[in-house]
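Please go through the structure below with attention to its nonpolar cores, its pockets and one arginine in a loop.

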Amino acid sequence: MTDHVHADGAPRADARSEDTATAATRTDGARNAAPVHGTWEPRPAARWEDAFLSGNGTHGAMVFGDPNDDRLIVNHHRLIRPNGSADARPPELADRLTDVQDRLLAGDVTAGEDFTDGRPLLWVQPFHPGFQVRVRRPAARWRAYRREADFSTGVVRAVCDDRRSEVFVSRADDVIAQYVTAPDLTLDVTLDHRLPGAPADLAVGHGAVLTPEGALLTLRARYPAADLGYTGVTLLVTDGRARPALPGVRVRGARSMLLLTRVRRHPGEPDVLAEARALRELLPEVGHAEDVAERAYAHLLARHTALHGAAYLRVTLDLHADPSERALPGSELVRRPKSPALLERLFAAGRHHLLSSAGTLPPRLTGLWTGDWDTAWSGAFTTDANLNLQTASAAAAALPEVTEAHTALIQDQLPDWRDNARAVFGARGVVAPAHTDGESGHIYHLSRAYPLHVWTAGADWLLKPLVDHDETRGERDPRLAVALAEVARFYEDFLTRTDDDGHLVIVPSYSPENRPANAGWITVNAAMDVSAARHALRTAASYHPGPDAERWRALADRLPPQRINAEGALAEWARPGLDDSYDHRHLSHLYGVWPLDEINPYDTPELAAAAHRALELRGAENDSAHGHLHHALVAARLGDAERVAGALDNVLAGDFFHVSLMSGHYPNRHVYNADAAHTLPAVLIEALIHSTPGRLVLLPALPAALPSGELRGIRTRFGAEVDLTWTPDGATAVLRPGRTCRIDLQTSASARPLSLSAGEDRVLTLGPR
C-alpha cells in the first residue's frame, strides 16, 4: 500500500459538490452508467404496502398512482391512538430492590419472577394512518403507464398517457403537495378515512367549501371515548371550475390542479380557518390565475429539493452493476438477490426512506408510514434493538437530520426517564424505556417474560449514536453532555453490590430479549448491561473533566470483565453459572463489538475471537430482518466478509422487500417494517469503511460478490470525509480531513500510523487484497 498528498496540498472547496453532482448524473463511457437514484413500476400499486413513499420526517405520503382512482394515504408522526396508556407510570419497586438483589446474588435464579407490580402487559399508544386523499375521474382505458419515485427529490410521479401526477412532502414548508395535470381534467376529490382497521366508532365529519383558489376540504375525526382527535385540511388550487359534491369537491375543465394537505392531532375543536390561512400563505404571488397551480407547485418543489436533495446526495454508492439490471422495475429487480444493482437500489432507497422518516421524530418500526390501523407492535419506537439499527448509518452517511430527530425524542423524554430511575431503582439519573410511542418515556410495557423495566443499558444504547455524531463533527452538544451526566449519576446510585472478587455487580440485569438456559429472565450481569455501564461512565467522564470524571472512571474500572464460556464464545451473561441460549434473533451480548468499540480484532483479539465464536453459535430464531442485519453489522466489525455476505443473502433471498422497497419484518414480506430497509445501508458502509476517533479501517469485510465499486462522502469519527473506490486490482481512498489528527490506518495487508492535516487531501493507494 502507498499513499501520497495532492501536489497543491490545499483544500478544494468545490470538491464535494462536484463529486455529488457526478455521482448523481455521471456516465462513464469505459464502464457502466452511474446508478439511478430512484425506482419505478409499470403499474399502479394494488396494496398499500407497495405504495411509493415520500416524507419530511413529520408528514408522510403513500402514493398508489392509479390514474382513475389516485389514492394518497396521509401519515403523521404524532398520529397515535389513545389506548389507556397515556398516563401510565413506571412500577414503584424501589423498596423491594434490595430483597431481589440479595436473593439473586445468593443463587436464587428465579428471584426476579415476582419483581413486578402485577400489572398486565400494556402496549404503548399505536401509530395509525390519517386518511386518504382520493382523486377520481370517470373510468378510462389507458395505454402507456409509469410510476416512479425519485429519491434525489422525494417526488413520486405517475404518468399515464397525457395525465401526470406528482407528489412530494415538503421539508421546507411541512406540507404534502400533489400536482395533477392533463388537457381536460374532470375529477372528484375527497378525503376518505376508510382504511383497514379503522375503528367503527371513529366519529368523522367532512367539510367542503369553495375558495378563490378552488376549494377547501376538511376531515375531522374524533377517537372513541377521548377528547382527542385529528383534522386533515386540503387546499385545492385549480384553473378549472370547482363545486361542492359532498363529501368532497368536483373539478371540471381544468388543465392543472394542486392539492396542499396537512393533518394535526389535537384536543378539542380544531381551528380550521387558521389551518386554511397557513396553507394559503404557501402560494406565491402570481400574475395569472390560470397558472397558479403550476407556479405554486414549482415554487414549493424548489424550496423542498434545496433541502432534501442536498441531504440525500451527500453519500452515494456505485457497485458497477449491469446497466440492463439497473433499468429494471423494482418488482423485477428484487427477484435477482445476487444482483449488485439490487444492492445499489436498496442502498439508495434505504437512505431516502430513512431521511424522509426522520424529522419531528426518528423512524418508527414502520418508518413514517402505514396504511392499516392495526400496526404490528403498535408501530412504536422499539429501543432495545430496532431504532438504533435503523439509524445506524446516520453519522457515517452524513445524515445529521436523522441524529437531530433522534436527539429530539430523547430530550423530550428525559423527565420521564428520571421517573423510571426513581420508581424502579430508587436512584438519581435516568433509565430509558424499551418501547415508546414518541410521547411518553415512562416504562410501563413489561411482563414476566419481558421484564423490560430492569433493562439498564437503554440510555447508553440510545445516546451512543449522538456521541458518534459529536465525534464526526468535532463538537460536543451540551444537551448530550447533560444527558450523559444523568446516566452516570444513575450508575453511581445503582452500582452498590460487589462479588467475591470485588467487582461491581449489575443486579437485577436483563439481556433483551433473551434468558439464560438455566435461569429466569431477570438475572445478574448481562454482557450488554456490563458494557453499557462501562461505556456510559467513561463517556460521561470525557464530557465532564474534573472530580466527577475521576469518580466515574473509577466506578467503570470496578465493573467485571466479560466472560468466555466453555465453548470459547463470549457469554451473554458475565456471571459464572449462567448458560447461554443461542437460538435468538437479538445479539445484545455483542454490544461491545457493535455499536461500541470495546471489543475489536486490533486491540482485544482474544475477546474478538470469542465474540466471533458467539456469532457463529447464534441462531436466527424466527428469521427477523433486524436479526440478520444486526448479525451483519457485528460480522463487519469482526472482519468476517463471508458472514456479512451470508446475512445479506438471507435478507435479499428471503423476499423481505415490497415493491415500494420498504421491507417486511419476516420473510415473504410478512409484517410491514422498516428495519431491513433502513439498516441495509449501514451494513454496506461498515463492510467498506469503519472509523473510530483514532482508527480508519478500509475494506474490513468486503463481500466477494462486490468486486468493484465506489462509496463517496462517508464521514469518519476523526473528522475526515472519505471517498473509496475499489477493484480486484486494488483500492484508492481520498481523505479530506476537517481537523488535524494522527490515526492508525488498518487494511487487510497492514497497519500503520497516519498523520492528517486539516484542509489537505490525502490519497491512499492499496494493492490487491
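The paragraphs below take up the cores, then the pockets, then the arginine.

The model is predicted, and residue numbers run from 1 along the chain as the sequence is written. The largest nonpolar core holds 211 residues. Within this core, the residues that touch the most other members are Tyr230, Tyr491, Phe657, Leu711 and Trp726. Helix α11, spanning residues 478-494, supplies the largest share of the core, with 10 residues. Apart from this core lies another one of 22 residues, including Leu216, Val237, Leu283 and Val292.

Tyr491, one of the residues with the most contacts to other core members, can be followed further by its neighbours. Leaving aside residues up to four places away in sequence, Tyr491 touches Thr456 and Ala457. The same count also gives Ala532, Ala533, Ala536, Leu537 and Leu555 as contacts of Tyr491.

The pockets come next. The largest pocket contains about 350 Å³ of space. Its lining is made up of 18 residues, and Val467, Glu471, His535, Arg538 and Thr539 are those that lie nearest the centre. Two helices, α10 (458-473) and α12 (527-543), each contribute at least two residues to this lining. The greatest contribution is that of α12, with seven residues. Sorted by class, the lining of the largest pocket consists of 10 charged, five polar and three nonpolar residues.

The second largest pocket contains about 280 Å³ of space. It is lined by 19 residues, and the closest to its centre are Trp123, Trp377, His435, Glu513 and Arg585. What is the make-up by class of the lining of the second largest pocket? This lining has nine polar, seven nonpolar and three charged residues.

The last stop is Arg89, in the loop between β5 (69-76) and α2 (97-105). Is Arg89 buried or exposed? Arg89 counts as partly exposed because its relative accessible area is 43%, and that class lies between the limits of 20% for buried and 50% for exposed.

Arg89 also meets residues from distant parts of the sequence. Gly441 is 352 residues away from Arg89 along the chain, yet their C-alpha atoms are separated by 9.4 Å. Not counting residues up to four places away in sequence, Arg89 touches Arg119, Asp419, His442, Ile443 and Tyr444. With one of these contacts, His442, the side chain of Arg89 forms a polar contact of 3.4 Å to the side chain of the histidine.

Terms used. This is a predicted model: local features need pLDDT of at least 70, side-chain atom pairs count only at pLDDT 80 or more; totals for chains, interfaces and linings use all residues. Side-chain values use heavy atoms; hydrogens and water are left out. Helices (H or I, at least four residues) and strands (E, at least two) are DSSP runs, numbered from the N terminus. Buried means under 20% relative accessible area, exposed over 50%, partly exposed in between (1.4 Å probe, protein chains only). Contact means heavy atoms within 4.5 Å. A polar contact is a pair of N or O atoms within 3.5 Å; within protein, one must be able to donate a hydrogen and the other to accept it, and residues adjacent in sequence count only if both atoms are side-chain atoms. A nonpolar core is a set of buried Ala, Val, Leu, Ile, Met, Phe, Trp, Tyr and Cys residues joined through side-chain atoms within 4.5 Å. On a 1 Å grid over the protein atoms alone, a cavity is a set of points where a 1.4 Å probe fits but cannot get out, and a pocket is an open set with protein on both sides within 12 Å along at least five of seven lines; lining residues have an atom within 4 Å of a point. Grid points are joined across faces, edges and corners, and a volume is the space filled by probe spheres set on the points. Ala, Val, Leu, Ile, Met, Phe, Trp, Tyr, Cys and Pro count as nonpolar, Asp, Glu, Lys and Arg as charged, and the others, Gly among them, as polar.
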